[in-house]
Amino acid sequence: MTEKDTVMEVNDLHTYFFNRRGVTKAVDGVSFSIHEGETLGIVGESGCGKTMTALSLLRLIPKPAARIVSGEILLDGQDLVSLSDSEMREVRGRKISMILQDPQTSLNPVFTIGNQLIEALGARGKRGRKEMVAQAMEGLRNVKVAAPERRLEDYPHQMSGGMKQRVIGAIAVSASPKIIIADEPTTALDVTIQLQYLRLLKEIQAETGLAIIFITHDFGIVARMCDRVAVMYAGRIVEQADVRDLFNKPHHPYTQALMDSVPKMDRTDRLRAIDGQPPPLWDLPEGCRFASRCSNVKDLCRNEYPNTSLLDNNHSVACWMTQTEWNN
Ligand SMILES: Nc1ncnc2c1ncn2[C@@H]1O[C@H](COP(=O)(O)OP(=O)(O)OP(=O)(O)O)[C@@H](O)[C@H]1O
Ligand code: SF4
Ligand SMILES: [Mg+2]
């Protein structure tokens with residue numbers, strides 16, 4: 001991959017909540033980059049900061065409780081953290097878009113599909129209605145909706161779940177964004193709907209070459225969908241690598257524990273629960289955040305957070321075991 005292909009680069013991003021409990025470090029020093037046509041998976045247990053990372057990229061974090069405290073989000077060379085709210089509205093939808101898996105929550109039941117598509121298009125440019133109808137039809141055709149001219153008059157309840165997802169896909173890509181973020185809901189959906197959704201994302205990517213950030217609990221889906229993967233634990237990325245490298249040789253004990261539930265790449269198990277709990281994000285330990293659950297823990301781990309070391313093939317790990325100090 002050359003530098004030219006980089007679509008987004010996130011550097012040392014910190015997003016904190018400030019409330020009565022004190023400071024909750026939901027995203028605490030996250031860095032990654034994503035390239036054209038690439039799918040980056042972000043995986044980790046519930047509450048580790050995946051959604052807050054995604055919402056930070058879109059600058060849609062809950063206000064005023066949460067704030068991006070520091071870091072950079074470079075998209076096309078522009079730092080999204082420094083944009084004003086109105087500048088950011090221009091970027092959202094146009095350059096970076098989000099697609100939800102659950103079609104029920106994304107379409108407005110009282111408007112026709114055509115109106116919702118046209119609104120998505122209309123909000124982003126001043127064109128005549130006729131032109132926008134033609135574009136809406138083209139959008140539906142692109143996501144393989146048959147007879148789009150008839151579909152424009154339909155209401156969401158007249159469509160199947162899979163069809164609604166395609167419409168949402170059409171809306172999400174209507175402005176040809178560079179990146180789409182797909183955040184899997186915590187509640188498990190119907191398997192058929194999920195497979196349709198995954199297929200749709202892949203089709204959209206094959207057509208458009210856009211980058212996808214795919215957020216999931218499910219390592220089986222990571223294996224099937226992603227090129228690279230970032231494993232998050234307690235607000236930080238603890239390991240990041242190409243999917244094949246990560247599956248072949250996971251270095252971080254947390255990744256290894258997650259992997260134990262997926263011995264083969266073609267299996268789609270949910271993550272097996274790992275003994276113990278992550279530390280609360282408002283009361284984090286000094287040292288490694290996985291220490292209380294790690295069978296390899298040493299004193300060093302409890303005292304100091306391990307730096308991230310870069311191994312071959314752009315594989316990075318934050319664990320003392322991969323560093324020379326471990327053997328001292
Ligand atoms: N509205 C909020 N107010 C205060 N803290 C919050 C709020 N939303 C999230 N958090 C904090 O941010 C942390 C990260 O939440 P986030 O939603 O990013 O987790 P997640 O990894 O997406 O989990 P899941 O897999 O369950 O969706 C949570 O553990 C919680 O401590
Ligand atoms: S740094 Fe220590 S405690 Fe943390 S994951 Fe590595 S071995 Fe385990
Ligand atoms: Mg989430």
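# Pairs, helix 5 and ligand shells

User: Which residue in strand 2 is the bridge partner of F18?

Analyst: In this predicted model, F18 has V23 in strand 2 as its bridge partner.

User: What makes strand 1 and strand 2 a pair, and in which sense do they run?

Analyst: A pair requires at least two bridges. Strand 1 and strand 2 share ten bridges, therefore they count as a pair, and its sense is antiparallel. Together they form a hairpin, with two residues between the strands.

User: How do you know that strand 1 also pairs with strand 4?

Analyst: The same threshold of at least two bridges applies. Strand 1 and strand 4 (residues 66-75) are joined by eight bridges, so the criterion is met; the two run antiparallel. Within strand 4, I68 stands opposite T15.

User: How do you know that the end-to-end distance of helix 5 agrees with its number of residues?

Analyst: Helix 5 (residues 129-142) has 14 residues, which at 1.5 Å a residue should span 20 Å. Its end C-alpha atoms lie 20 Å apart, so expectation and model agree. Helix 5 is followed by K144, which has a positive phi, near 60°.

User: Which residues of helix 5 are called buried, and by what criterion?

Analyst: A residue is called buried if 20 or more other C-beta atoms lie within 10 Å of its own. In helix 5, A136, G139 and L140 meet that condition.

User: Why are these buried residues said to share a side of helix 5?

Analyst: They cover an arc of only 95° around the axis, and therefore they lie on the same side of helix 5. In general, an α-helix has 3.6 residues a turn, so residues three or four places apart point the same way. Elements that cover the buried residues include helix 4 (113-122), helix 6 (148-151) and helix 7 (161-172).

User: What makes K130 and E131 exposed?

Analyst: The label applies to residues with 12 or fewer other C-beta atoms within 10 Å. K130 and E131, on the other side of helix 5, fall in that class.

User: Which residues come closest to ligand 1, and which element gives the most to its shell?

Analyst: Of the 17 residues that surround ligand 1, the closest are A26, S46, G47, T51 and M52. Strand 1 (6-19), strand 2 (22-35) and helix 1 (50-57) each give two or more residues to this shell. Helix 1 gives the most, with three residues. By class, the shell has seven nonpolar, nine polar and one charged residues.

User: What is the composition of the shell around ligand 2?

Analyst: The shell around ligand 2 has eleven nonpolar, two polar and no charged residues. Of its 13 residues, C288, C294, C301, C319 and W320 come nearest. Cys and Trp both count as nonpolar, so these five belong to the nonpolar class.

Technical notes: Residues numbered from 1 in each chain as written. Chains lettered and ligands numbered in written order. Predicted model: local features only at pLDDT ≥ 70, side-chain atom pairs only at ≥ 80, totals over all residues. Near = placed C-beta within 6 Å. Helix = DSSP H or I, 4+ residues; strand = E, 2+ residues; numbered from the N terminus. Expected span 1.5 Å × (residues − 1). Arc of directions from axis to C-beta. Contact = placed C-beta atoms within 7 Å.
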